[in-house]
Each structure stands twice: as structure tokens, then as C-alpha cells.
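The following exercises introduce a structure by means of worked solutions. Each task is stated first, and its solution then proceeds step by step.

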Amino acid sequence: MRKIGVLTSGGDSPGMNAAIRAVVRKAIYHDVEVFGIYNGYQGLIDGNIQQMDIGSVGDIIQRGGTILYTARSDEFRTEEGREKAIQQLNKFGIEGLIVIGGDGSFRGAEKLTQKGYPCIGVPGTIDNDIPGTDFTIGFDTALNTVIEAIDKIRDTATSHERTYVVEVMGRHAGDIALWAGLADGAESILIPEHADEFEDVIERLKRGKDRGKKHSIIVLAEGVGSGMEFGQRIKDATKLETRVTVLGHTQRGGSPTASDRVLASRLGAKAVDLLLAGQAGRVVGIQNNKLVDHDILEILDEKHVVDFEMYQLSKQLSI
């Protein structure tokens, strides 16, 4: 294999640039040409492809987002769209592809692998919802962004003796909410996998008020419901002064943490190694600080499972 491609797809996450850098430099180290595909699968269809060199990825390891940009492509979901993508791969002589993204991105990689174009998936998503890896690229940075925000919110919650609902990202996975809530001592954490009953949250707030507690923090994953609506329900049920903060896309941005930079570098390099070893249809990951890889179909068939023991601990510590 003398030519490979790399693209980022789906939602951006801090550390994607570090992964791109690792792919490019690891490949060049092995005398393999690397082509950057811009704007995800749609860019592949459109032929928005450029050869990359060592300088192409200079000074990007510390930058959030992705220099290759990212986009969702309805066209690639069609057989006709995938045929156009394959024509572009043939045109540039690309023999293998590394896809940095989440499960939706991996489904596209699996389709190309079935058509004879080896693909390796690198998990890049702040939600930390990819099975087969302890952590995904971007999760640690997003988590620290949330923790920093909640720390500041707690200051004003204390000053004004208010209850705050903080809505964080996580439509189908509650890792951000769970880890941030535990790290910040939240009174309640609501996640899609094990959402508390509303009455339990109210009871916990009342117990706190009865023992003299003057402020509370509730962390809500967006997949559970609207933070604004939940905050209003709390206010109506308790008469406590309640405010809501929706952190939104601030969680996706920012310079990646050291942990994410190192993880992205390791996973990107591992993906190149797999391609050069003749592997295809694999997803790289990290488990117990060891690099691993899994069949892409197995990953797509599995369901992300939240750490229930950690969830139970958060409830025990918030009495």
C-alpha cells in the first residue's frame, strides 16, 4: 500500500487534528503518500482531496476542531453516492482510508470496506459512546470544559443561594453528565441510561434544604430532556429559585487536553499500522491503557454501556 487517505466525519471533537497529524507523519515515516479528504464523505464524493506532507500538519496538535473540516452527507448513504466516492478513490490512487469520527462515520467506512477499499476507524467523539474503547478522542477535553463551567456556576449559585440545572451534551450516552457530575459533586445527575425519577430529584433537593443547604447543582444530559423545561418543573415543585445553563457547543471546542493529544496520536498511528499490515474493517481503541482493535461490524452491533457503579457512587455521595 503506497497511498492512503484520511478524513474526519460527523461532529468535530478536540484532538481530531492530533489524530490527523499522527496519520500523516506515521505514513510518511513509512514512505507512504497521504491524501487529506476535506469535508468528510461529501468531500470524498466531490473530489475535494489534496496530498499532504509533513508541513501540512505542523502546529495543529494543539488546535481544536479539524483542519480537514467535517460534514454530514446524505448522498453518501446512497449506492450512487458511494460509487462516486469510489471513483474518486480510484482517480487519486488511494488504496486505504482512515476515518476519524463516530459510529455513523464507521458505517460509511464499513460500506467502503465491503466494496474492496480497506478502511480503519478512529473513534473521535466527545460523547465517549463507542464500544470497544475506554475513551474516545475529545471526551476528556469536553469533560474538562464542562467541569470548568460548573465550577464557575457553583460560585454564583452559592452567592445567590440558587438551584442550577446544567444541560450538557449526550443524546444517547450519559458519560459527560456522569463524569462531570461526579467530579463536581452534583446533587443529581440525569442520564439517558438511568434517568432518575423527577420525584427522586425533588426529594433530594428537599432533604438538602431541610439540613440548611442553600444551593444545588443538577447535571442533565440533553438526551433526558430540555434543561429549560426541567428547571421550570423544579421551580414549580419546590418554589426554589432555579436557573438553567445550556452549555451547548462550547463543549466541542477548545484546545485538546494532554490526554486527548496523546490518545489521538496513539490511535492515529495505530490505524496506519493496521492498514500497512493489510488489515481492513477495523476500529482502533484503548482498553486498560493498551491499544486494541476490533471488527467494525462488532462495534456497530454493540451498545454503549455507562459505568453503572460510577452512577451508583454519584448517588451515594450526593446524600
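**Exercise 1. Locate Y69 and describe its backbone angle phi.**

Step 1. Y69 belongs to the loop that runs between β3 (49-52) and α3; helices (H or I, at least four residues) and strands (E, at least two) are DSSP runs, numbered from the N terminus.

Step 2. The phi of Y69 is near 60°, which is a positive value in a residue other than glycine. For comparison, most residues other than glycine have a negative phi.

Before continuing, note that the model is predicted: local features need pLDDT of at least 70 and side-chain atom pairs count only at pLDDT 80 or more, while totals for chains, interfaces and linings use all residues. Residues are numbered from 1 along each chain as its sequence is written, and side-chain values use heavy atoms, with hydrogens and water left out.

**Exercise 2. Determine where T66 lies, and whether T66 is buried or exposed.**

Step 1. T66 is placed in the loop between β3 and α3.

Step 2. The relative accessibility of T66 is 11%, so T66 counts as buried. Buried means under 20% relative accessible area, exposed means over 50%, and partly exposed lies in between (1.4 Å probe, protein chains only).

Step 3. In sequence, T66 and N17 are 49 residues apart; in space, their C-alpha atoms are 5.2 Å apart.

**Exercise 3. Examine the loop between α8 (227-238) and β9 (242-246) through K239 and L240.**

Step 1. K239 has its place in this loop, as does L240.

Step 2. K239 is not a glycine, yet has a positive phi of about 65°.

Step 3. With a relative accessible area of 69%, K239 is exposed, whereas L240, at 19% relative accessibility, counts as buried.

Step 4. The C-alpha atoms of L240 and D184 are separated by 21 Å, and the two residues are 56 residues apart along the chain.

**Exercise 4. Describe the cover of strand β5 and its pairing with strand β4.**

Step 1. Strand β5 spans residues 119-123 and is mostly covered, since 5 of its 5 residues are buried.

Step 2. Both faces of β5 are covered: C119, G121 and P123 are buried on one side, and I120 and V122 are buried on the other.

Step 3. Strand β4 (residues 96-101) runs parallel to β5, and 5 bridges join them; two strands pair if DSSP finds at least two bridges between them.

Step 4. Opposite G121 in β5 stands V99.

**Exercise 5. State how many salt bridges the whole structure contains, and analyse the pairs K26 with D273, K115 with E83, and E241 with R243.**

Step 1. The search finds 12 salt bridges in the whole structure. A salt bridge is a side-chain nitrogen of Lys or Arg within 4 Å of a carboxyl oxygen of Asp or Glu.

Step 2. One of them joins the side chains of K26 and D273 (3.5 Å, N to O). This pair links distant parts of the chain: K26 is in helix α1 (residues 16-29) and D273 in helix α9 (residues 258-276), 247 residues apart. K26 is partly exposed, with a relative accessible area of 24%, and D273 is partly exposed with 32%.

Step 3. The side chains of K115 and E83 also form a salt bridge (3.3 Å, N to O). K115 lies in the loop between α4 (103-114) and β5, while E83 lies in helix α3 (residues 79-92), so the pair ties together parts that are 32 residues apart in sequence. A network of salt bridges links E79, R82, E83 and K115.

Step 4. E241 and R243 meet through their side chains in a salt bridge (2.9 Å, N to O). E241 counts as partly exposed at 34% relative accessibility, and R243 is partly exposed at 30%.

**Exercise 6. Identify the residues of the negative surface patch and place E197.**

Step 1. The patch is formed by E197, E199, D200, E203 and D210. Patches are made of residues with over 30% relative accessible area and no salt bridge: like charges are joined within 9 Å, nonpolar side chains (Val, Leu, Ile, Met, Phe, Trp, Tyr) within 5 Å.

Step 2. E197 lies in the loop between β7 (188-190) and α7 (198-210).

Step 3. With a relative accessible area of 52%, E197 is exposed.

Note on methods:
Accessible areas come from the Shrake-Rupley method with a 1.4 Å probe; for residues, only the protein chains shown count as cover. Lys and Arg count as positive and Asp and Glu as negative; His and the chain ends are not counted. The place of a charge is taken as NZ of Lys, CZ of Arg, CG of Asp or CD of Glu.
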